2 protein chains.
Amino acid sequence: MTEAVEKLVKKSEDPNKWYLQLVLMAKLADYGPVRGTFAIRPYGFEIWERVQRDLDDRFKATGHKNAYFPLLIPESYIKKEADHVEGFDPELAWVTIGGREELEERLAIRPTSESIICAFYKNWIQSYRDLPVLINQWCNVLRWEKVTRPFLRTAEFLWQEGHTVHVTAEGAREETLRMLGVYKDCFYEAMAIPVLTGAKSPSERFAGAVETFTCEGLMGDGRALQAATSHDLGQNFARAFDITFLDENQDRVHPYQTSWGFSTRTIGALILVHGDDRGLKLPPRIAPTQAVVVPIWRGKNKGEVRREAEALYTELKDSGLRMEVDLDEEHSPGWKFNEHELRGVPVRVELGPKDIEKGQAVLVRRDTGEKEFVNRKELAGKLNGLMREIQQNMLRQAETFRDDNTRRAESYEQFKEIIAQKRGFVVAPWDGTKETEQKIKEDTKATIRLLPVEREEGEDLVSGKPGLTAIFARAY
Amino acid sequence: MTEAVEKLVKKSEDPNKWYLQLVLMAKLADYGPVRGTFAIRPYGFEIWERVQRDLDDRFKATGHKNAYFPLLIPESYIKKEADHVEGFDPELAWVTIGGREELEERLAIRPTSESIICAFYKNWIQSYRDLPVLINQWCNVLRWEKVTRPFLRTAEFLWQEGHTVHVTAEGAREETLRMLGVYKDCFYEAMAIPVLTGAKSPSERFAGAVETFTCEGLMGDGRALQAATSHDLGQNFARAFDITFLDENQDRVHPYQTSWGFSTRTIGALILVHGDDRGLKLPPRIAPTQAVVVPIWRGKNKGEVRREAEALYTELKDSGLRMEVDLDEEHSPGWKFNEHELRGVPVRVELGPKDIEKGQAVLVRRDTGEKEFVNRKELAGKLNGLMREIQQNMLRQAETFRDDNTRRAESYEQFKEIIAQKRGFVVAPWDGTKETEQKIKEDTKATIRLLPVEREEGEDLVSGKPGLTAIFARAY
C-alpha cells in the first residue's frame with residue numbers, strides 16, 4: 001500500500017497535482033501502457049456503476065431501450081457526413097490488419113457511433129409507424145487525444161450515447177431538451193453537481209449537429225467542465241446516410257435525429273467539484289460505501305470492541321446502508337480516519353470502549369467534519385436521515401460556490417481581470433460573431449460555455465455591437 | 001415490418017436457416033457492415049441485460065468487484081505468455097495508426113484481457129495482504145473469426161471476464177470451481193439450460209491455462225455448445241508478467257491466477273435450446289416481457305375492449321410482472337398471437353368481449369400451448385405463479401431432452417452410428433491420448449466436450465487401452 005503513506009498535496013496549492021495524486025491514492029484509476037489509456041479500479045468503477053444505474057433508470061423511465069452496435073466503423077461510413085469526419089478524423093485510431101491480413105478498407109474504432117448506427121437505422125426505419133426510435137448504448141469509445149488526464153480526457157473512455165429518430169423537427173428538439181433535462185437531474189440529484197444548462201455557440205457544436213446543448217459544471221479551481229451534451233442533429237445524418245420513411249401521406253421523407261452522451265469524464269467532475277484538501281468527498285447516493293465503522297481498541301479490550309463493531313456493522317447494513325467495517329490490525333484509528341476521508345466516505349462511525357459502555361457511537365460527517373454522539377438505538381435511523389442531509393448539503397455547498405463564482409462583467413477590462421484573477425463563470429453579452437468569440441479566447445483563454453435559455457440584451461464588451469447574454473469561462 | 005410477413009422455416013427441417021431467420025425476425029440482432037460484426041437490437045439486448053444482472057449479482061455475492069481495463073494491448077504484452085500468443089495471434093485485429101500517425105508498436109484489440117490485466121496486477125500486488133484480488137470486467141472483445149453466426153460466433157462480442165489472484169494453488173483452484181458453479185447456477189436458474197460441467201481435455205484448454213473447466217449445453221439439434229469456461233491459470237501468467245508478492249514469511253513468490261468468461265454467445269444457446277417451430281421460447285426470469293395482453297375486438301366493442309385491456313395491463317404490471325399490451329390496430333389477433341409466440345413471450349393474455357362479460361381472461365402458455373380461463377380477480381396471482389411454473393417446466397423439458405440424448409457407446413461402431421444418426425452427448429471411456437481424440441474427431445467430427453468429475457474406468461473404444469469416462473459430441 002504505497003499510496004497510503006504518500007501525503008496528498010493541498011488542493012489550493014497545486015490543483016493539478018492534487019487531482020492526479022488523489023486519483024491514484026484513492027485507487028480510482030491507474031495508468032495503462034498505451035499513452036492516454038487507464039484502468040478504472042474497483043472503487044472508481046463502483047462510483048461509475050451507481051451513476052450508470054441512476055442514469056439508466058432515467059433513460060428507461062423516458063421510454064428508451066438499450067442496444068449494442070459494432071466497435072469498428074468502415075472508413076467510408078465515417079466519411080459520409082462531411083462535418084462529422086472533419087471533426088473526428090484527426091482523433092481516429094485505425095485497424096488495418098485483421099486475422100493476419102491487410103484489410104481492404106481500414107476500420108476506425110468508434111469515436112462516437114452516429115455513422116455506424118445510421119447504417120442500421122436506414123434498414124430498420126421504413127414507415128412513420130417505426131418512429132420514434134429511442135435507443136441508447138453503453139460502450140467504450142476511443143479518441144486519440146494529445147494531452148490526457150485520468151477521467152477528464154482519456155484516449156479510451158466509457159460512456160452512453162443515445163441515438164433517437166423522430167418524425168418531426170419539433171419531436172427531435174423536444175427529445176434533445178428532454179435528455180438535457182435528464183442529465184441535469186442526474187447531476188443535481190445523484191452527483192450533487194449544480195450544472196448550468198444551455199446551448200453551445202456554433203463553433204462549439206458537435207460535428208454534424210444543428211444545435212448542441214450542454215451541462216457545464218464549475219470545478220473547485222474555478223474552471224468549467226463540459227459534463228454532458230445533447231445534440232439536435234436535424235436531418236444532417238439522415239441525408240448523408242439516406243435514411244427515409246413513408247409518412248402518413250405516403251410521402252418518402254427524411255426523419256430528424258438526436259444524439260446525447262454522458263461519460264466517465266463525470267467522475268473527474270465529481271472529484272473536482274467536491275474534493276478538498278483531505279481527499280474525495282462523495283455524495284451518499286453514489287458513494288460505494290456510505291458509512292464506515294472504525295473500532296477504537298487498545299490491547300485488552302480489542303476482542304470486545306471488535307465484536308461490537310462487527311455487530312454494529314451488520315445492524316447498519318441490514319438497515320439498508322452501504323457499510324464497511326475497518327478491522328485492519330496494522331494501522332491506527334487515526335490512520336484509518338485519514339484513509340476513509342481520502343476515499344470520501346460520507347460518514348465515519350467511531351466505536352470505542354467508552355462508547356460501548358454508554359450505549360452510543362460517534363458519527364463524523366465528511367462534508368462538514370461535524371461530530372455527534374448518538375444513542376446506539378437511534379443510530380440506524382439517524383444515519384439514514386444523515387445520508388439525505390449530506391446529499392442536500394453537498395449540493396447546497398456546490399451551488400453556493402458556483403453562485404459566488406459567477407460574475408457579471410461590465411467592461412472588457414473587468415472581464416479579463418475576473419478571468420485572470422478569479423476565474424469562475426463570467427456573464428456578459430455576446431454579439432454572436434466568431435470574431436469576438438475568437439478574440440476573447442486568444443486574450444483570456446476563456447470560451448463561451450453556454451448560451452442560457454433566458455438571454456438579456458446588452459452591448460458586446462469587445463465589439464460594442466448589440467449582443468445577448470453568454471456565459472464564459474476557462475474550461476478543462 | 002418486412003420481417004413479420006416472412007414465414008419461419010421449421011426447426012426440424014433446416015435448423016441453420018431457422019436460427020438465422022429467427023434472429024432477424026424476432027429482432028434480436030442484425031448484420032453489420034464489417035464481416036462478422038452485429039448489432040444487438042433492443043429486444044436481444046434486454047435479454048442480455050437480464051442475464052447480465054443475474055450473473056453480476058452472483059459475482060458480487062461471491063465477493064467480486066467490477067473494474068475496467070484498456071481495450072488496446074501492446075504487441076509486446078500479448079507476446080509475453082508463449083501459449084497465449086500462439087492461441088490468439090491468428091485472430092487478432094491490429095491498430096497501426098492513431099491520430100494520423102503510424103504507431104511505433106502496433107496495438108491489438110483485446111481478444112481477452114489476461115495480458116493487459118497482468119500488467120496492472122504486477123503493480124497492485126505487493127504483499128499477501130493484497131490478496132486475493134477478485135475482479136471482474138464487463139466489456140467487448142474481438143476475435144477475427146473466419147466463419148461467423150450471430151451470437152454463436154462473432155468477430156466482436158460482449159462478455160464478462162473475471163481475473164483473480166490468489167496466494168495458493170488451492171485458492172486458485174477453489175475459485176475456478178466456484179465460478180464454474182456460479183455459471184452453472186445461472187444457466188439452470190435463470191436461463192433454464194441444464195449444462196453439464198467438467199474439465200476440458202488438454203487439447204481444448206484455454207491458451208495459457210493449466211486446467212480449463214466448461215459448461216456444455218446440448219442444443220435442440222443435438223449439437224453441443226461450450227457456453228462458459230473457467231480457467232485455472234496456475235502461475236503461468238504470473239511468471240510471464242513477473243507478478244510477485246511477499247508472503248507471510250517475507251519470501252517473494254508468484255501468486256496463482258484464474259480467469260473465467262461468459263458471453264453473448266449464451267443468447268445463441270437460449271435460442272437453440274428452447275426455440276421451436278413457432279419461434280423463441282424465453283424463460284420468464286429473463287424474458288423482457290413476461291406476458292402480453294392481446295385484446296380481441298370487433299368494430300362495435302373496440303372502445304370498451306381496448307379500455308379493459310389497458311386496465312388489465314396496468315393491473316398486472318402493478319403486480320410486479322413485466323407486461324405489454326398490444327393495441328396495434330393494423331393487425332388481427334391471430335397475427336399478434338403468432339408474433340408474440342415468435343418473440344417467445346411466456347404467456348399470452350387474451351381478452352375479448354365475452355371474457356369481459358364473464359369477468360375472466362384467457363391465459364395461453366408458450367411452453368405447453370395450454371389454454372386456461374381464469375377469473376379476473378385471480379389473474380395476477382395466477383400469472384405470477386405461472387411464471388415460476390413455466391421456468392421450472394422449461395428446465396425440466398430441457399433436462400429430459402438432454403437425458404434422452406445422452407447415450408453410452410459400447411463399441412466404436414456404435415459411437416460412430418450415434419454421432420452420425422442421432423448426435424447428442426456420447427459417453428465413452430477415453431485413454432487420455434491426443435491420438436484417439438484426434439482420430440475420433442477426424443472420423444466423426446465429434447470432440448471431447450468434457451471430462452466429468454466422476455469418471456468410470458473402461459476400455460477406450462478406439463485404442464482398447466484403459467480409459468476413463470469422457471463426454472463426446474459434435475459441437476458448434
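User: By what turn and shift can chain B be laid on chain A?

Analyst: Two copies of a chain are related by a rotation about an axis and a shift along it. In this predicted model, a turn of 180° with a shift of 0.0 Å along the axis lays chain B on chain A at an RMSD of 0.0 Å (least squares on the C-alpha atoms of residues with pLDDT of at least 70 in both). The two copies are therefore related as by a two-fold rotation axis. In chain B, the C-alpha nearest that axis belongs to Val95(B), 2.1 Å away.

Residues are numbered from 1 along each chain as its sequence is written, and chains are lettered from A in the order in which they are written. Local features need pLDDT of at least 70, side-chain atom pairs count only at pLDDT 80 or more, totals for chains, interfaces and linings use all residues, and side-chain values use heavy atoms, without hydrogens and water.

User: How many salt bridges does a search of the whole structure find?

Analyst: The search finds 79 over all chains, a salt bridge being a side-chain nitrogen of Lys or Arg within 4 Å of a carboxyl oxygen of Asp or Glu. One of them joins Glu370(B) and Arg365(B), at 4.0 Å from N to O.

User: Is Arg365(B) buried or exposed?

Analyst: Arg365(B) is buried, at 9% relative accessibility, whereas Glu370(B), at 47%, is partly exposed (buried is under 20% relative accessible area, exposed over 50%, partly exposed in between; 1.4 Å probe, protein chains only). Elsewhere, salt bridges that share partners join Asp54(A), Arg58(A), Glu189(A) and Arg285(A) into one network.
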